[in-house]
Amino acid sequence: MLGQRKYDRRLTCFLGLVALAACGGGDGGAGAGAGDTEEAAPAESPVDAATAGNVAGTVAFEGAAPTMSAVDMSGEPDCAAKYADPPTALDVIVNDNGTLSNVFIYVKEGLPDLQFPTPGDAVVLDQDGCRYDPHVFGLQVNQTLTIRNSDGLLHNINATPTANRGFNISQPVNMDATRSFPVPEVMIPIRCDVHGWMSSYVGILGHPYFAVSGSDGSFDMSTLPPGDYVVEAWHERYGTQTQNVTVASGQTAEVSFTFSEDMALSAVVPLGAPLVIPHHPTAGADH
């Protein structure tokens, strides 16, 4: 019986090794399922980088910069404590060099019919210090937007697009939520129903050719196919402007925009109508 048990164990081990080899197991197995474990290669841009060109420029501000109203954060002392100076509204930010921040610039017309891959990286919209950061930004169609609450207090995020489906979500604690937009739209307003001064704007494009003017007023869009384009600049208070630009292979086309306070009087600002829900009813009001 002892010899039979040893024989049975050896037979079991032999059959196990045969099964392992048949499944491609073991070190260096020629039949290993490489196709099942390799990560899919990221989709490539349809634009030939060797023949592409670029667009770069600045957004200037003409005249005296308007005075922005102070933001009263006394009701949220944890947020107020994050600022060395009392915070002001972000509607207009004129830089020290006479340029304008938070202008959304994008290729509006002229792109050939190309299919651009959706970026795998999410864009983060952070609620920090009872403000949205960034104030103006862009996404590609179906790209993930991560909405983050870094304040750890109640925020209610209300996006009111016209072409896309809106959403209104609550974040009572430190947390993330994700959303995406399947249809191009410039621009979508985002508000906080709890803190009326909090606002942000996002542009949704079916291509990667968009930018936001920075703290020196500059912007750039790279790797465009050679061609003639209409480039639009959008500002939440001053409306839109367009410029025609020709992009040549291997060259950078320069384009500039100028905004002024006078434009606020007649500006048409494309965006959905925000839903504003008051959260501090006046004394004696019915609620």
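Student: Two strands pair if DSSP finds at least two bridges between them. With that in mind, which residue in E15 stands opposite Val230?

Tutor: The model shown here is predicted. In E15, Asn244 stands opposite Val230. Nine bridges join strands E14 and E15, and the two run antiparallel.

Student: How many residues does the hairpin from E14 to E15 pass through?

Tutor: Three residues make up the link in that hairpin. Strand E14 covers residues 227-235, while E15 covers 239-247.

Student: How many helices and strands does the protein chain have?

Tutor: The protein chain has three helices and 16 strands. Buried residues account for 38% of its 287 residues. Among contacts between residues at least 6 apart in sequence, 67% join residues at least 24 apart.

Student: And what area does the protein chain expose?

Tutor: About 15800 Å² is exposed, and carbon and sulfur atoms supply 52% of that area.

Student: Back to E14. How many of its residues are buried?

Tutor: Seven of the nine residues of E14 are buried, so the strand is largely enclosed by the rest of the structure. Besides E15, strand E14 pairs with E2 in the antiparallel sense, over five bridges.

Student: Which residues of E14 are opposite Ile105 and Val107?

Tutor: Ile105 stands opposite Ala233, and the bridge partner of Val107 is Val231.

Student: Which other strand is joined to E2 by three bridges?

Tutor: That is E12, residues 210-212, which runs antiparallel to E2, residues 104-109. Within this pairing, Tyr106 stands opposite Phe210.

Student: What about E1, then: which strand runs parallel to E1?

Tutor: Strand E16 does, and nine bridges join E16 to E1. One pair of bridge partners is Ala56 and Glu254, the latter in E16. Strand E1 also pairs with E13, in the antiparallel sense and over five bridges. There, Gly57 stands opposite Phe219 of E13.

Student: Let us turn to the interior. Which residues touch the most other members of the largest nonpolar core?

Tutor: Ile105, Met221 and Phe257 do, in a core of 28 residues. The elements that give two or more residues to this core are E1, E2, E13, E14, E15 and E16. Strand E16 gives the most, with four residues.

Student: Which residues is Met221 in contact with, leaving aside neighbours within four places in sequence?

Tutor: Met221 is in contact with Asn54, Val55, Ile105, Tyr106, Val107, Tyr209, Phe210, Ala211 and Val231. A second, separate core has 25 residues, among them Leu125, Phe137, Val194 and Ile204.

Student: Why would such side chains be buried together?

Tutor: In soluble globular proteins, nonpolar side chains tend to be buried together.

Student: Now the rings. How many aromatic pairs does the structure hold?

Tutor: The structure holds eight aromatic pairs. In one of them, Phe116 and Tyr209 meet edge-to-face, with 5.6 Å centre to centre and 90 degrees between the planes. This pair links distant parts of the chain, 93 residues apart: Phe116 is in the loop between E2 and E3, and Tyr209 is in the loop between E11 and E12.

Student: Are Phe116 and Tyr209 buried or exposed?

Tutor: Phe116 and Tyr209 are both buried.

Student: What kind of pair do Tyr201 and Trp234 form?

Tutor: Their pair is tilted, with 5.4 Å centre to centre and 55 degrees between the planes. Tyr201 lies in E11 and Trp234 in E14, 33 residues apart. Both residues are buried. In addition, Phe61, Tyr238 and Phe259 form one aromatic cluster.

Student: Which residue lies over the face of Phe167?

Tutor: Arg179 does, at 5.4 Å from the ring centre.

Student: One last topic: where is Ala267?

Tutor: Ala267 is in the segment after E16. Its relative accessibility is 27%, which means that Ala267 counts as partly exposed.

Student: Which residues is Ala267 in contact with, leaving aside neighbours within four places in sequence?

Tutor: Ala267 is in contact with Arg237, Tyr238 and Gly239. Ala267 and His235 are 32 residues apart in sequence, and their C-alpha atoms are 9.4 Å apart in space.

How values were computed:
Residues numbered from 1 in each chain as written. Predicted model: local features only at pLDDT ≥ 70, side-chain atom pairs only at ≥ 80, totals over all residues. Heavy atoms only, no water. Core = buried A, V, L, I, M, F, W, Y, C linked by side-chain atoms within 4.5 Å. Buried < 20%, exposed > 50% of the residue type's maximum accessible area, 1.4 Å probe, protein only. Contact = heavy atoms within 4.5 Å. Phe/Tyr/Trp six-rings, centres within 6.5 Å; stacked < 30°, edge-to-face > 60°. Lys NZ or Arg CZ within 6 Å of the ring centre and 35° of its normal. Areas by Shrake-Rupley, 256 points an atom, 1.4 Å probe, with all protein chains shown as cover.
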